[in-house]
Amino acid sequence: MTARPYRSVLYIPGSKERALEKAMGLAADAIIFDLEDAVAPDEKPAARDLLARVLRDWDFGRRARIVRINGLDTEWGAADAHAMDGAIAAGARIDAILIPKVNGPDDLDRVAGLVPGADLWAMMETAAGMLNAGAIAAHPRLRGMVMGTNDLAKELNSRFRPDRLAMQAGLGLCLLAARAHGRVIVDGVYNAFKDEDGLRAECEQGRDMGFDGKTLIHPAQLDIANAAFAPSEAEIDLARRQIAAFEAAKAAGQGVAVVDGKIVENLHIVTALATLAKADAIAALAE
Ligand SMILES: CC(C)(COP(=O)(O)OP(=O)(O)OC[C@H]1O[C@@H](n2cnc3c(N)ncnc32)[C@H](O)[C@@H]1OP(=O)(O)O)[C@@H](O)C(=O)NCCC(=O)NCCSC(=O)C[C@H](O)C(=O)O
Ligand SMILES: [Mg+2]
């Protein structure tokens, strides 16, 4: 679990100046400024220039800024990487470069050399990427992973189901890989952006599995993701009571406490402290 919140990670097409402007006031923990699938081919050069300027001149506050470039196997990828490297040199704050369709660590190596001043994040959305998730997560420049469930469904030839049965193997492999290497990992998008109940259910499923947050495509999805991936009042209360009970047990020479009829050991205290740290980090965003 990471202290910095990534509950809501909003994609914004790099070509839409109005949406970019709006994002400065939205309650997103992180923004993915997209140059890939959300931008039409003939708009890509202009979007690249617009993003370089916006990221240098506009204030996005504490929101993490992640730029999704096109793949280096496309006609736009290298120019995107060079433009973002130039923007960083000119003073733009870009926290990470997100690389689409990562199949293995070699795909990260190639971008690492082009943008030395930013962390790397990987889109996990190909069958090969799922099978190489451990090696991708182990890359020394990688900090975060994003599930690309639309592309993955396309590759698998799977059908959408509310329980995401076909996604479970890939989601689980990527989660294991991210946790083994201490990386942030956020869940894929929910395409039906007017379906609040469906989004809420998918966020709850992602939170239950262990994801840090969810990628989103529309501002109307922000509140649901922010609530689902924040510790609830009940979780915060339980964490405090577990810590207090465990301290009391330790003072009495015991290694185990009992709270609400369940044992509390040192490992539960690690989770309790992480829950409180996450709640504090979320509260700090509002200051
Ligand atoms: C889905 C949309 C095309 C809907 O757009 P629109 O019809 O304009 O929506 P609204 O009229 O309801 O918009 C209301 C206001 O909100 C602003 N807006 C809309 N979307 C965003 C956004 N993403 N970020 C910031 N602001 C946004 C509009 O400008 C309106 O503002 P105002 O003028 O003040 O009223 C559209 O939402 C959209 O384009 N979404 C992003 C789509 C996208 O990024 N797709 C690519 C990422 S998904 C993906 O690739 C996943 C992965 O790779 C995989 O394989 O799964
Ligand atoms: Mg994709």
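## Two domains

Let's start with the overall layout. The domain assignment divides the protein chain into domain 1, covering 8–228, and domain 2, covering 233–285. Taken over C-alpha atoms, the centres of domain 1 and domain 2 are 33 Å apart.

A UniProt record adds a label here: an unreviewed entry lists residues 7–219 as "domain: HpcH/HpaI aldolase/citrate lyase". Over residues 7–219, the chain is 42% helix and 19% strand. The C-alpha atoms at the two ends of this stretch are 13 Å apart.

## How confident is the model?

Please keep in mind that this is a predicted model. The pLDDT of the protein chain averages 97, and 99% of the residues score at least 70. For the complex, the predictor gives an ipTM of 0.98 and a pTM of 0.96.

## Around ligand 1

Which residues come nearest to ligand 1? Of the 23 residues around the ligand, these are Tyr11, Ala38, Gly148, Asn150 and Asp151. Sorted by class, the shell has twelve nonpolar, six charged and five polar residues.

Several elements contribute to this shell. Strand S1 (8–13), helix H1 (17–23) and helix H7 (149–156) each supply at least two of its residues.

## The binding-site pair

The unreviewed UniProt entry also places the feature "binding site" at Glu125 and Asp151. These positions span 27 residues in sequence, yet their C-alpha atoms are no more than 5.5 Å apart, so they gather at one spot. Asp151 has already appeared above, among the residues that come nearest to ligand 1.

Let's take the two in turn. Glutamate 125 sits in the loop between strand S5 (119–124) and helix H5 (127–131). Is glutamate 125 buried or exposed? Glutamate 125 has 24 other C-beta atoms within 10 Å, and because 20 or more is the cut-off, glutamate 125 counts as buried. Leaving aside neighbours within four places in sequence, glutamate 125 is in contact with Lys101, Gly148, Asp151 and Leu152.

Aspartate 151, by contrast, lies in helix H7, one of the elements that supply residues to the shell around ligand 1. With 18 C-beta neighbours inside 10 Å, aspartate 151 counts as partly exposed. Again leaving aside neighbours within four places in sequence, aspartate 151 is in contact with Lys101, Glu125 and Thr126.

Put side by side, the two contact lists show that Lys101 is in contact with both glutamate 125 and aspartate 151. Glutamate 125 and aspartate 151 are also in contact with each other.

Note on methods: Residues numbered from 1 in each chain as written. Chains lettered and ligands numbered in written order. Predicted model: local features only at pLDDT ≥ 70, side-chain atom pairs only at ≥ 80, totals over all residues. Domains from an automatic or database assignment. Near = placed C-beta within 6 Å. Helix = DSSP H or I, 4+ residues; strand = E, 2+ residues; numbered from the N terminus. Nonpolar A, V, L, I, M, F, W, Y, C, P; charged D, E, K, R; others polar. pLDDT = per-residue confidence, 0-100. UniProt positions renumbered as here; feature names shortened; annotations may be inferred. Buried ≥ 20, exposed ≤ 12 C-beta atoms within 10 Å, placed from the backbone. Contact = placed C-beta atoms within 7 Å.
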